[in-house]
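I set out to record what I looked up in this structure, entry by entry. Confidence comes early, then the core, one helix, the charged pairs and the cysteines.

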Amino acid sequence: MSQAQTSPAMIDQAPERAVDTSDVPLVGARELALALKILSAGDGLLLPTVTLSDEDLRRVERDFWQISPRARVRKVAVLLRFRSFLAACQTRHVNALISRHGQAALVLALEAAAKMRLNAKWGFNPVKMARAMSEALDSCQPHGQPAAV
């Protein structure tokens, strides 16, 4: 394969293709955090305590679409991952970790959602997401210190 075929400039100019909903492309955690900030109206990375309305999600999608400079396929991937992230945060295990560890767990949840495998039909596996968050939280604990309860 020649260098011209693999250069970043050539990748950026490649024709856009549809998002494979059986394996949504990876995105950056910062892109998911931007969508969460839009949802939180700029009040930091806060998860809503109530179920979101369709209007709230449409507002986030509309604003994200206008703000993000990314290609269409990338924006779709971010928004699909964001919706699945919100659903995963409502599950018992992930919600408990976020409630117990606050902002640190929320950031870890965003990082996990950015790089975990995602099937748009089924969403994230919340057990795998909670496990990834727990392992990351455990690795952040100083040795000999019990985890916060």
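**Entry 1. A term settled beforehand.** I call a residue buried when its relative accessible area is under 20%, exposed when it is over 50%, and partly exposed in between. By that rule I entered Arg62 as partly exposed, because its relative accessible area is 42%.

**Entry 2. Confidence.** I note that this is a predicted model. I looked up the pLDDT of the protein chain and found an average of 82, with 77% of the residues scoring at least 70. Residues 1-15 have a pLDDT below 50, and I found 4 contacts in the model between this stretch and anything beyond its near neighbours in sequence. Where pLDDT is low, predicted coordinates should not be read in detail. I therefore leave the detail of residues 1-15 unread, their pLDDT being below 50.

**Entry 3. The largest nonpolar core.** Which of its residues touch the most other members? The core has 37 residues, and my search returned Leu32, Phe82, Phe85, Ile98, Phe124, Met129 and Met133. Two or more residues of this core come from each of α3 (29-39), α4 (54-67), α5 (72-89), α6 (92-101), α7 (103-115) and α8 (126-140). I then took Leu32 by itself and set aside its neighbours within four places in sequence. Its remaining contacts are Val27, Val78, Arg81, Phe82, Leu110, Ala113 and Ala114.

**Entry 4. Helix α3.** I listed the buried residues of α3 as Glu31, Leu32, Ala33, Ala35, Leu36, Ile38 and Leu39. What covers them? The cover includes α4, α5 and α7. After α3 comes Ala41, for which I read a positive phi, near 55°.

**Entry 5. Salt bridges.** How many salt bridges does the whole structure hold? The search gave 6, and I followed up some of them.

I began with Glu31 and Arg74, whose side chains form a salt bridge at 2.7 Å, N to O. This pair joins distant parts of the chain, since Glu31 lies in helix α3 and Arg74 in helix α5, 43 residues apart. Is Glu31 buried or exposed? Glu31 is buried, because its relative accessible area is 9%. Arg74 is partly exposed, because its relative accessibility is 28%. I also found Glu31, Arg70 and Arg74 linked in a network of salt bridges.

The next pair was Glu61 and Arg83, with side chains meeting at 2.6 Å, N to O. Here too distant parts of the chain are linked: Glu61 is in helix α4 and Arg83 in helix α5, 22 residues apart. I entered Glu61 as partly exposed because its relative accessibility is 23%. Arg83 is partly exposed as well, because its value is 36%.

Last, I looked up Asp63, which forms a salt bridge with Arg62, the closest N and O atoms being 3.7 Å apart. Asp63 is partly exposed, because its relative accessible area is 22%.

**Entry 6. Cysteines.** A disulfide is a covalent bond between the sulfur atoms of two cysteines. How many disulfides are there? I counted 0. I also checked how accessible two cysteines are. Cys89 is buried, because its relative accessibility is 2%. Cys140 is exposed, because its relative accessibility is 59%.

Key
Residues numbered from 1 in each chain as written. Predicted model: local features only at pLDDT ≥ 70, side-chain atom pairs only at ≥ 80, totals over all residues. Heavy atoms only, no water. Core = buried A, V, L, I, M, F, W, Y, C linked by side-chain atoms within 4.5 Å. Buried < 20%, exposed > 50% of the residue type's maximum accessible area, 1.4 Å probe, protein only. Helix = DSSP H or I, 4+ residues; strand = E, 2+ residues; numbered from the N terminus. Contact = heavy atoms within 4.5 Å. Salt bridge = Lys/Arg side-chain N within 4 Å of Asp/Glu carboxyl O. pLDDT = per-residue confidence, 0-100. Disulfide = S-S within 2.5 Å.
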